Amino acid sequence: MSCENELKAVHQRMVSPIEALKRFLTVLTPGGRSSRSDVWWVVLFVNMPIYVVQRLYSAEMCVFWLVLSLLLIWPTFCLFSRRLHDLDRHMGWAIAWLLFCVIGCATTLLMVGGGQPPTFLLMLYQVGSCVTGCVLLVVSCVKSKGSSNKYGGVPNLMDARDDVK
C-alpha cells in the first residue's frame, strides 16, 4: 500500500437538492446510509412546505393531505432509517415514527368519515410524533464518523483530490 493511499483524507461532499430529492423518491429501501445533506434538502423542499401548507388549509383539503402524507410516509421512513444507519444506529426511532404516522392517518380517516377519534389516540399521536420527530431532528444534525460500518460505506464519499479549491 502506498503512502498516498494511507494519507488520503476522507470527506463527505454535500449533495445537491436535485440529487437528494431524486434519491428520496427512488431509493425506497431502509437499507444503506444517507448523509445529513440527503436529509436536510428533503426536509427543506418537501416536508416543511407540506407541513406549513397543511396547517394553513387543513380543513378544506383534508383528504388531499391524507393521500399526500400516505405517499410520503414510506420514502421518509426509508430516509430516516438510512440516516440512523449512517450513525451506526438501528432504525428503532424511525419505526416508532412510522407507527405514530399510521396512528395519525387513522385518526384523520376517522375525522374525514365524520367520526370522532378517541382522545387517547389523538394524544398518543401528538405526543409520540413530537418525541420521535425531535429525536430524528437531532439525529439529522449529528455528523457521522466518516468510516464504514455494518450498514455500508460512507455516503457521498469524496477524495481529498476532488475537494473544491
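This is a short talk on the helices, salt bridges and surface of one predicted model.

Let me start with the overall layout. The chain contains six helices and two strands. Going along the sequence, their order is α-β-α-α-α-α-α-β. Of the 165 residues in the chain, 34% are buried.

Now to helix α2, which covers residues 17–26. Within this helix, R23 and E19 form a salt bridge, with 2.6 Å between the closest N and O atoms. Why can these two reach each other? They are four residues apart in α2, and therefore about one helical turn separates them. The general rule is that an α-helix has 3.6 residues a turn, so residues three or four places apart point the same way. Both partners are partly exposed: R23 has a relative accessible area of 24%, and E19 has 25%. The pair also belongs to a network of salt bridges that links E19, R23 and D38.

At residue 26 of the same helix is T26. A polar atom of the T26 side chain lies 2.6 Å from the backbone oxygen of K22. Is T26 buried or exposed? With a relative accessible area of 61%, T26 is exposed, because the cut-off for that word is over 50%. T26 also lies 8.3 Å from P75, C-alpha to C-alpha, although 49 residues separate them in sequence.

P75 brings us to helix α4. This helix runs over residues 62–86, which is 25 residues, and it spans 35 Å from its first C-alpha to its last, close to the expected 36 Å. Where is the kink in α4? It lies at I73, shortly before the proline P75, and is about 35 degrees. After the helix comes D88, with a positive phi near 65 degrees.

D86, in α4, takes part in two of the contacts I want to show. One is a salt bridge with R83, at 2.5 Å from N to O. R83 and D86 are three residues apart in α4, so they too are separated by about one helical turn. The other is a salt bridge with R33, at 2.7 Å. R33 sits in the loop between α2 and α3, so this pair ties together parts that are 53 residues apart in sequence. R33 and D86 are both buried, and R83 is buried as well. In total, the structure has four salt bridges.

Last, the surface. M48, Y51, V52, V53 and L56 make up a nonpolar patch with about 450 Å² of accessible area together. One of them, V53, lies in helix α3, residues 36–56. V53 counts as partly exposed, because its relative accessibility is 31%.

Terms used:
Residues are numbered from 1 along each chain as its sequence is written. This is a predicted model: local features need pLDDT of at least 70, side-chain atom pairs count only at pLDDT 80 or more; totals for chains, interfaces and linings use all residues. Side-chain values use heavy atoms; hydrogens and water are left out. The expected span of a helix is 1.5 Å times one less than its number of residues. The bend at a residue is the angle between axes fitted to the seven residues ending there and the seven starting there. Patches are made of residues with over 30% relative accessible area and no salt bridge: like charges are joined within 9 Å, nonpolar side chains (Val, Leu, Ile, Met, Phe, Trp, Tyr) within 5 Å. Accessible areas come from the Shrake-Rupley method with a 1.4 Å probe; for residues, only the protein chains shown count as cover. A salt bridge is a side-chain nitrogen of Lys or Arg within 4 Å of a carboxyl oxygen of Asp or Glu. Buried means under 20% relative accessible area, exposed over 50%, partly exposed in between (1.4 Å probe, protein chains only). A polar contact is a pair of N or O atoms within 3.5 Å; within protein, one must be able to donate a hydrogen and the other to accept it, and residues adjacent in sequence count only if both atoms are side-chain atoms.
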